[in-house]
Amino acid sequence: MIQIRPVSDLRNKFPDIEKIVNNGEPVYLTKNGYGAMVVLSLETFSRLTEGVETALDEADRVAKEDNKRLTHEEVFGNLRRKINE
């Protein structure tokens, strides 16, 4: 079940939030009724970001070898086309 809590619960009910995130579930925190942040366990965060640093290093290496540059419109246009195929 999705856990949505006011940001004040982070201070006032930390053990409850800690238990939820340690079970692998995110907790969505709101401030004044609007989404403010998401709390994740370190393990879950690591799984989500695994490989990102390697991919960025590879992108840097490829960029050094190729002088071609794309605008953000070209990049996102290409991504949208691939997603919609």
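These legends describe close-up views of a predicted model. Residues are numbered from 1 along each chain as its sequence is written, and side-chain values use heavy atoms, with hydrogens and water left out. Local features need pLDDT of at least 70 and side-chain atom pairs count only at pLDDT 80 or more, while totals for chains, interfaces and linings use all residues.

**View 1. Three strands form an open, mixed sheet.** The strand order is β1-β2-β3. Strands (E, at least two residues) and helices (H or I, at least four) are DSSP runs, numbered from the N terminus. Two strands pair if DSSP finds at least two bridges between them. β1 and β3 stand at the edges, each with a single partner strand, so one side of each lacks a neighbour in the sheet. From one strand to the next, the twist averages 35 degrees. Twist angles run from 0 to 180 degrees between N-to-C directions, with axes taken as lines fitted to C-alpha atoms. Strands of a sheet pair through backbone hydrogen bonds, either parallel or antiparallel.

**View 2. β2 pairs with β1 in the parallel sense and with β3 in the antiparallel sense.** Four bridges link β1 and β2. Five bridges join β2 to β3. On the β1 side, I4 has Y28 of β2 as its bridge partner. Q3 stands opposite V27 in β2. On the β3 side, Y28 has V38 as its bridge partner.

**View 3. N32 sits in the hairpin of β2 and β3.** Two residues lie between these strands. N32 is not a glycine, although its phi is positive, about 55 degrees. N32 counts as exposed, at 71% relative accessibility. Here buried means under 20% relative accessible area, exposed over 50%, and partly exposed in between (1.4 Å probe, protein chains only).

**View 4. Helix α2 (14-22) has a buried face.** I17, I20 and V21 are buried in α2. Seen down the helix axis, the buried residues of α2 fall within an arc of 90 degrees, so they line one face. The arc is taken from the directions from the helix axis to the C-beta atoms. P15, K19 and N22 are exposed on the other side of α2. The buried residues of α2 pack against β1 (3-6), α1 (8-12), β2 and β3 (34-39). Contact means heavy atoms within 4.5 Å.

**View 5. Six residues make up the largest nonpolar core.** They are I17, I20, V21, V27, L29 and V39. A nonpolar core is a set of buried Ala, Val, Leu, Ile, Met, Phe, Trp, Tyr and Cys residues joined through side-chain atoms within 4.5 Å. The elements giving two or more residues to this core are α2 and β2. The largest share, three residues, comes from α2. Leaving out residues up to four places away in sequence, I17 touches R5, D9, L10, V27, L29 and V39. In soluble globular proteins, nonpolar side chains tend to be buried together.

**View 6. D9 is a buried residue of helix α1.** Its relative accessibility is 10%. Residues up to four places away in sequence aside, D9 touches F14 and I17.

**View 7. E25 lies in the loop between α2 and β2 (27-31).** G24 follows α2 and has a positive phi, near 90 degrees. E25 is partly exposed, with a relative accessible area of 40%. Beyond its neighbours within four places in sequence, E25 is in contact with I20 and V39. E25 and R81 are 56 residues apart in sequence and 32 Å apart in space, C-alpha to C-alpha.

**View 8. E58, R61 and E65 form one salt-bridge network in helix α4 (residues 52-65).** A salt bridge is a side-chain nitrogen of Lys or Arg within 4 Å of a carboxyl oxygen of Asp or Glu. The count comes to four salt bridges. R61 bridges to E58, with the closest N and O atoms 2.5 Å apart. R61 also meets E65 in a salt bridge (2.8 Å, N to O). R61 and E58 are three residues apart, about one helical turn. R61 and E65 are four residues apart, also about one helical turn. R61 is partly exposed, at 39% relative accessible area. E58 is partly exposed, at 37%. E65 is exposed, at 59%.

**View 9. E43 and R47 form a salt bridge in helix α3 (residues 42-49).** Their closest N and O atoms are 3.3 Å apart. E43 and R47 are four residues apart, so about one helical turn separates them. E43 is exposed, with a relative accessible area of 58%.
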